[in-house]
Amino acid sequence: MHDRIDAILSSYGRDRANLIPILQSVQAELGYLSEEAMLRIADYLGVPESQVYGVASFYAQFRFTPTGRNRIMVCRGTACHVRGAPRILDEIQQVLNIREGETTSDMEYTLETVACIGCCALSPCMMINREVYAKLTPTKVREVFSKGGQEQ
Amino acid sequence: MTFEGLQRRARDEWQALSESAVPLIQVGTATCGRSAGASAVVDALREALQREATPALIMEVGCIGLCFAEPLVTIRKPGRPAVCYGHVNPERATQLVSEYLLRDNPLADWALGTVGEGRIEGIPELFETPVLRPQVRRILRNCGFIDPTNILHYVARGGYTGLVRALGMARGQIIDEIRRAGLRGRGGAGFPTWRKWQFCLEAPGEPKYVVCNADEGDPGAFMNRSLLESDPHSVLEGLLIDGYTVGAREGYIYCRAEYPLALERLHNALAQMREQGLVGENILGSGFSFDIHIKEGAGAFVCGEETALLASIEGRRGMPRPRPPFPATSGLWGKPTVINNVETLASVSLILQKGAEWFAEYGSEKSKGTKTFALVGKVKRAGLIEVPLGITLRDIVYGIGGGILGDKRFKAVQTGGPSGGCLPEALLDSPVDYESLTTAGSIMGSGGMVVMDEDTCMVDVARYFLDFTQKESCGECVPCRLGTKQMMDILTDITEGKGREGDVELLQEVALAVKKGSLCGLGQTAPNPVLTTIRYFRDEYEAHEQGRCPSKVCKALIRYRIVADKCKGCQICLRACPVGAISGERRQVHTIDVGKCIRCGVCLEVCPARFGAVECVTGQ
């Protein structure tokens, strides 16, 4: 893991302004921000460890635990909300037997909500990894997960 | 290469495309198109073309804004107007190739309209259809018509002539041009753009910075995403003009990480600008040097606030600070900084290309120009629209939007996202401009426009927005951090039927404190959705206090039941119920166990329409 983090660090200058881009790159590489990774980043930038954690925990994008192989992001935008997003989230929680923010025990899925995917005209919607699933109903949700969530 | 050389190349390429001897097929593959299945359509088209061994050019374009009809495919055969088709799936795509390309049957039933000179029988002109006729496409002129990954297309349509013109002008002249155009910030607050620039130009301190705010965080809004995905250079040109005018050498674009395609398009566009000498040292030989950095947001709504955004670029927690000093005098790293919204910058490019008078042709006295909106929610034709400021809400919702889905009753239109408010039917004839919307208790905002119908509970909507702002509150100042939490708790009680007398008054009192006491725009405007729903839909609050949710949304106040004389005992609902709350033998009337029922509504959804045996009730 050291090598992977160091490889990322060496591609950035030791500049405080690079803190967020570094955190993003490290998370993209490891899937989450480990304590060890944050300590190395703090050391590299010469920024107190508390501040690295302070920044990382401020932004919704950063995670401190490993995620499942597939990341589900349910849109909780306004258009989705008025067209039934809460029921979509309920249904997914029911089907996968996890709550928002949790990962299934087989590490297959992590369930998150996002402020808005920006596909409001196709609401309600969710993203699984980079794929958007539009105009969902509770029934459609079940179909998606019975197929393994990889194709529509 | 000189700019004239670039223009020549661009014109040649564009002309070759418009006079192409083979049919040109354009597929809208912005995020909205992709989520509706546009990528599968592209694959199907390629396969069909190969199978039929017929030559045609496939070009991926951005979004025309007709999101309700995605995926969209436009086919132009030589010597004909282009035909735009809606709701194209892979099967239809294959048929378009075999019927229209090979047999010359334009399949008029699937066509939305034609674009360009000439007519095709049975197909209207696209820009004369009800959804587009009231619109004025200026900011969005290129969206869906050019290849957003090709700088030559942008240049061929007049792109970067605004920059060239600006480079030949004095800074004061440019600011004056923007002033005469009457451009006001499109991020929502409506501050005159020229003033911001003037303050920054006059502020002491070097270097200066310009920042494009592409942290479009309002839920229900996607104007900026669509523009960046469909025509990124129009924004980048504006940023260059901005930088030149205030004397900056560096610019930043702060874009949400939730918009991966917009980011990809920006990186691609920037690389092309570099190749063409439109960014970097001594741009177009003018002596003006300028570089652009793209910064990815990390998922914090408050970073749309300008001082929080700057903190985030500096690598800190995105927390706002008190103003003054304003960023124009002390911004990024304490230096004079101008922060402009994506659409503001795209407007700047247009003003410099076409002139202030041209820009101000449309709009009302104090709100000039056109504005893009994301028209979504319970409306028939949802999409990205561009209208002259001053148009009425009715013209937007009923004219462009085609009215309410399922012809239900209109209840409210929400503008301005979590900072805005819900406007009732009585205000449908108000003009859409900065002042009128503020008077009504809402704001223009960045352009989200969510339509709500009789099935939308206004108390639930108020709670929804408060839930959002409360979670996104950065926690720095007390009124916002604790006030939104208190309001949220009261609203939750009301939606759960635990409301007490005096709750509405208490909400109003706390709302006022949050509005007056908060440090930044997030807190100052967070109470707006609550205050406007109380102002215009107080009866709904009262109904909740009496244990009824008139729109049948709030779970604690509704029940599902099966109407005995309509139930055929088909067991569809029984099998669909996720918690086994429904019982009943085949061909016998079913019943729902209220204790087990989680009110997910699946039974209502699956009960065949011809039976309609499941109903939702509220109250005693």
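Student: Which side chain of chain A does B:Lys555 meet in a salt bridge?

Tutor: In this predicted model, the partner is A:Asp90, with 2.5 Å from N to O. The count between chain B and chain A is 2 salt bridges.

Student: How many residue pairs are in polar contact between chain B and chain A?

Tutor: There are 22 such pairs, both residues being at pLDDT 80 or more. Several elements of chain B each bring at least two residues to the side that touches chain A, among them α2 (31-35), α11 (260-275) and β14 (448-453). The most comes from α17(B), with 7 residues. Sorted by class, this side of chain B has 36 nonpolar, 12 polar and 16 charged residues.

Student: How many residues of each chain are in contact, and what area is buried?

Tutor: On chain B, 64 residues are in contact with 41 residues of chain A. The area buried between the two chains is about 3900 Å², and carbon and sulfur atoms give 55% of that. B:Ser35, B:Ala298 and B:Tyr464 supply 15% of the area that chain B buries against chain A, more than any other three residues.

Student: How many disulfides does the structure hold over all chains?

Tutor: The count is 0. To read this, look at the distance between cysteine sulfur atoms, which must be within 2.5 Å for a disulfide.

Student: Why does B:Cys32 have no bond to B:Cys63?

Tutor: The sulfur atoms are 3.6 Å apart, which is too far for a bond, although B:Cys63 holds the cysteine sulfur closest to that of B:Cys32. B:Cys32 is buried, because its relative accessibility is 2%.

Student: Is B:Cys616 buried or exposed?

Tutor: B:Cys616 is buried, with a relative accessible area of 12%. Its sulfur has its closest cysteine sulfur in B:Cys549, at 8.4 Å, again too far for a bond.

Key
Residues are numbered from 1 along each chain as its sequence is written. Chains are lettered from A and ligands numbered from 1 in the order in which they are written. This is a predicted model: local features need pLDDT of at least 70, side-chain atom pairs count only at pLDDT 80 or more; totals for chains, interfaces and linings use all residues. Side-chain values use heavy atoms; hydrogens and water are left out. Contact means heavy atoms within 4.5 Å. Buried area is the accessible area (1.4 Å probe) that two parts lose on being put together, summed over both. A salt bridge is a side-chain nitrogen of Lys or Arg within 4 Å of a carboxyl oxygen of Asp or Glu. A polar contact is a pair of N or O atoms within 3.5 Å; within protein, one must be able to donate a hydrogen and the other to accept it, and residues adjacent in sequence count only if both atoms are side-chain atoms. Helices (H or I, at least four residues) and strands (E, at least two) are DSSP runs, numbered from the N terminus. Ala, Val, Leu, Ile, Met, Phe, Trp, Tyr, Cys and Pro count as nonpolar, Asp, Glu, Lys and Arg as charged, and the others, Gly among them, as polar. Buried means under 20% relative accessible area, exposed over 50%, partly exposed in between (1.4 Å probe, protein chains only).
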